[in-house]
Amino acid sequence: MTEFRTPDQESWRFRRRVVVAGLFVLVCFGLLAARFYYLQVVRHDYFHTRAEDNRIALLPVVPNRGTIADRNGVVLARNYAAYTLEITPSRAGNLDETIDRLAEVLTIEQRDRRRFRKILEESRNFESVPIRTRLSDDEVARFISQRYRFPGVEVQARLFRDYPQGATASHVVGYIGRINDRDVERIEERGETANYRGSEYIGKSGLEQSYEAELHGTTGVEQVEVNAGGRAVRRLSRTSPMAGNDLELTLDIELQKVAEAAFGNRRGAMVAIEPATGGVLALVSTPTFDPNLFVDGISTQDWKALNDSPDHPLLNRAIFSAYPPGSTFKPFMALAGLTTGKRTPGQAIADPGFFAFGGHRFMDDKVGGHGMVDLHKSIVVSCNTYYYQLANDLGIEGIARFMSPLGFGSRTGIDIPGEAEGVLPSPDWKKRRFRRPEQQRWFGGETISVGIGQGYNAYTPLQMANALAAVVNGGNVYRPHLVRHVVDNRSSAKRVVEPEPVRQLGLKPEHVAAVRTAMVDVTKAGTGARAFGNAPYSVGGKTGTAQVFSLKGAKYVEGRVSERLRDHSWFIAYAPADEPKIALAVLVENGGFGAQSAAPIARLVMDYYLLGKRPNQPAVEDVDAAESDE
Amino acid sequence: MTESRFHPLGLLRAFLRPIDPQLMLILGALLGYAYFLMISASPDRLEAQTINTVVALAAMWAAAQISSQRMLSLALPLYIVGVVLLVAVELFGEVSKGAQRWLHVGVTRIQPSELMKIAMPLMLAWYFQQREGQIAFRDFIVAGLLLVVPVGLILIQPDLGTSLLVTAAGFYVIFFAGLSWKLIVPVALVGIIGIGSIVAFGDTLCQPGVDWYGLREYQKHRVCTLLDPTQDPLGKGFHIIQSTIAIGSGGVLGKGWMAGTQTHLAFLPERHTDFIFAVLAEELGLAGAIVLLIIYVLLLARGFQISINAPTLASKLLGGAITMIFFTYAFVNMGMVSGILPVVGVPLPFVSYGGTALVTLCLGVGILMSIQRSRLSSPK
């Protein structure tokens, strides 16, 4: 096989091989050139977009949340800037170790660590998580000087929500909290996901929740160039965020304070409404809580203390708790009798001290009865027998038909969440309420109890106040509202929340007048006279006592439990009597007789509202005494 | 001053004598291009790049000084030393990045596989020179064995890129020496079918757990990532995805020098070394890439021209092989950066940052110059 060749032949062979190699080179380079052409010309647009996507990140700029102020401009919720220390987990390495080292520089409490863990678990993205909030300037300086030791840890200036009034009106204002999974779902349902990109907080209760859409504002966008590490390098453009709208309330925070103070340590609720507009002047639920606790994520201890307390401070009794109205139901019953024509003002009944029905005696408070009782007297002395009879004459259907338009048994539509319907009993209601057929039947005797505000019926203080406001303003039922103006943060234009009459009751003025005259006499000579006898303005009112019948028959125990077995104390009132500016309902849980604990609270509230008189502590009586001394 | 005995111009002429002006011009263009890109890609490495360039040019000058006959006489000792060092690496080498490539010698460490890139073609060219005029089939077998031993040693380090280049270097000598087409064509066909089937059945072959006999896991991964970079966009695929984005977004004229967003925002990995071509294509576009291709074609053309005119068979083979090695570097690098070849650690010749490769490549240029000079000095 061995071939002998001359060097010349070898040379020619080499030449040929070089030509082949050269062609191979050209083919390969041609392949590369074709590839470049494909990438750089054919698919240029695609890769251009990819490169831009790589390069440009859209960062949300969170808007400032709107503020909340009372009717006189006193701030109830605002924002303030503070430094926080935040850790970006993806860049910080071992978190526990980082936090331990941070603790050498700054004080980091167990509480901070727990909250950090909690937020880390809940955090929706890989953004920074606060380990300390509200750093002092000194702490900021100390950290900055050692910052090189802590990769992924940074000091950030953030806006915090602050409730300067603390626990006052906390049920009204509510609070914001960190957005959790449920909130995310809700935001998605509302189609607001884009607007909440970057937002960390959302209204969780009260006005903060119900006016979330107004308060939140519109998120801005910053277009930034980012590097492969995801760090912003340069700002390309910016659309500024639009701050949320401010709320101006109908609420008078001073009145609210007076009312809350008047409750002292007692549990209860009060709602005061401006009858002409349905604007809520004060909405009290005691005990209250400090909404500031919730802003950064409430600590487990604080949460336990609030949640496990037998006094249930988080419960908004004014709108969520329904109580039997007791005798405060009587003026409405009287009006029902007049309107339906079952009674006339002059028509009187003989009260033997009881009303016999179906072999059972429904008793009056007063042994032996009140003698001859007409409509006026029935309200002033709070005669049960009169209303036993009236209820029987009206029938449960008749009562329900009259009471329902007043708003009893249905939500008033107030502009904070969590309202209860209450119970306006009727045979229909009973069918819906009970499952077993023998329980579903309506008994005539049950109607009798409803007539004096006991039995099944139960209403919230808000429903009571709003119904009273409707009666005294001549029959207009308003949707009660806490917000008077929504102030556009950009144009400062005020959007007025118009009084919204839900319906006209069509009450006859003389019927209303008959009831109102009787209610005024309640505070002059009747059950409210002790609280209002010496008032320099005229007041219409009605006391009430709601039996805590759920505990009826329970064993009597000394101390706290026994107190909780006592009846709830009601008082509804309006003033001035001829041209009412305020209508209110006060409920004191386990307060005993309405005249005893609820009416004095109403007095303090009205004194402040109508006279500007503050209950110079400790009590009004003392002030009176001091005045008479001079 | 012309009267003076001291002739600075004469000295300069003596100094420049071994330098081939055309090769020097082309090399200058490439190094200048590299500098231009380095200012954008990694300005803080300019100083080191300068030092590398000076050292590499000195090596080139030294190689050009030595006559090609003298150089060929070094072939056997160089080859033997190279193989011994490779064995030493296997026994005592330092492990770095999962591969055993470095050998500590006193204060410095060397990478013997790099030496093999020059020693290999030198050795084979010398061997064929010995057999000139009577080259038979068994010579190709001997040459094949001479090739397989060091390549095998490099492959087990493992260093796929270098073993590929050394194989190529040896193969080119054998090819130019006249290896029968009857052997080349079937091997090429097997290769094409093999690659074709990998591409066609990539999905199945790339399943985890499928063992590719003879290849390491990371090498399998490289091939699989090439087939489908999106499989691993944040890991191995990231390089290819980002470099194709850089190239594609460059368009016809590029985003402008210093204005490549992929480059300057650090999306491009290893932008000053193996992926510098992506910087070029992003900032200077298709135009810049074509210019680079043209410079390479000129370099190769000059290399082939020198080889064809070389006086001896050994210098022809050596020259042709070196020229083809330049091509291999360029093609494999641009192919991998543009996503048509797997990512193997092959730099863009004369352009990528990195002293070792630059010195090796410039040594190759120096050898070509030496061959060119030997033609001039030994007239036919």
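Colleague: Is the crossing of α6(B) and α15(B) left-handed or right-handed?

Modeller: This is a predicted model, in which local features need pLDDT of at least 70 and side-chain atom pairs count only at pLDDT 80 or more, whereas totals for chains, interfaces and linings use all residues. Residues are numbered from 1 along each chain as its sequence is written, with chains lettered from A and ligands numbered from 1 in the order in which they are written. A crossing is left-handed if the near helix is turned anticlockwise from the far one by less than a right angle, and right-handed if clockwise. The crossing of α6(B) and α15(B) is right-handed.

Colleague: Are α6(B) and α15(B) roughly parallel or roughly antiparallel to each other?

Modeller: Helices (H or I, at least four residues) and strands (E, at least two) are DSSP runs, numbered from the N terminus. Axes are lines fitted to C-alpha atoms, for helices over the stretch in contact, with angles from 0 to 180 degrees between N-to-C directions. The axes of α6(B), residues 112-130, and α15(B) come within 8 Å and cross at roughly 150°. Angles under 35 degrees count as roughly parallel, 65 to 115 as roughly perpendicular, over 145 as roughly antiparallel and the rest as oblique, so the relation of α6(B) to α15(B) is roughly antiparallel.

Colleague: Between which domains of chain B does the largest nonpolar core lie?

Modeller: A nonpolar core is a set of buried Ala, Val, Leu, Ile, Met, Phe, Trp, Tyr and Cys residues joined through C-beta atoms within 7 Å. The largest has 121 residues, and Leu122(B), Phe128(B) and Val173(B) are among those touching the most other members. Helix α15(B), residues 313-337, gives the most to this core, with 17 residues. Two domains (bounds from an automatic or database assignment) both contribute, so the core lies between domain 1 (20-65 + 211-380) and domain 2 (68-179).

Colleague: Which residues of α15(B) does Val173(B) touch?

Modeller: Two residues are in contact if their C-beta atoms, placed from the backbone, lie within 7 Å. Beyond four places in sequence, Val173(B) touches Pro121(B), Leu124(B), Ala125(B) and Phe128(B), as well as two residues of α15(B), namely Leu317(B) and Ala321(B).

Colleague: Does Gly220(A) count as buried or partly exposed?

Modeller: Gly220(A) lies in strand β8 (residues 220-226) of chain A, and its contacts include Val61(A) and Pro63(A). A residue is buried if 20 or more other C-beta atoms, placed from the backbone, lie within 10 Å of its own, exposed if 12 or fewer, and partly exposed in between. Because Gly220(A) has 16 C-beta neighbours inside 10 Å, Gly220(A) counts as partly exposed.
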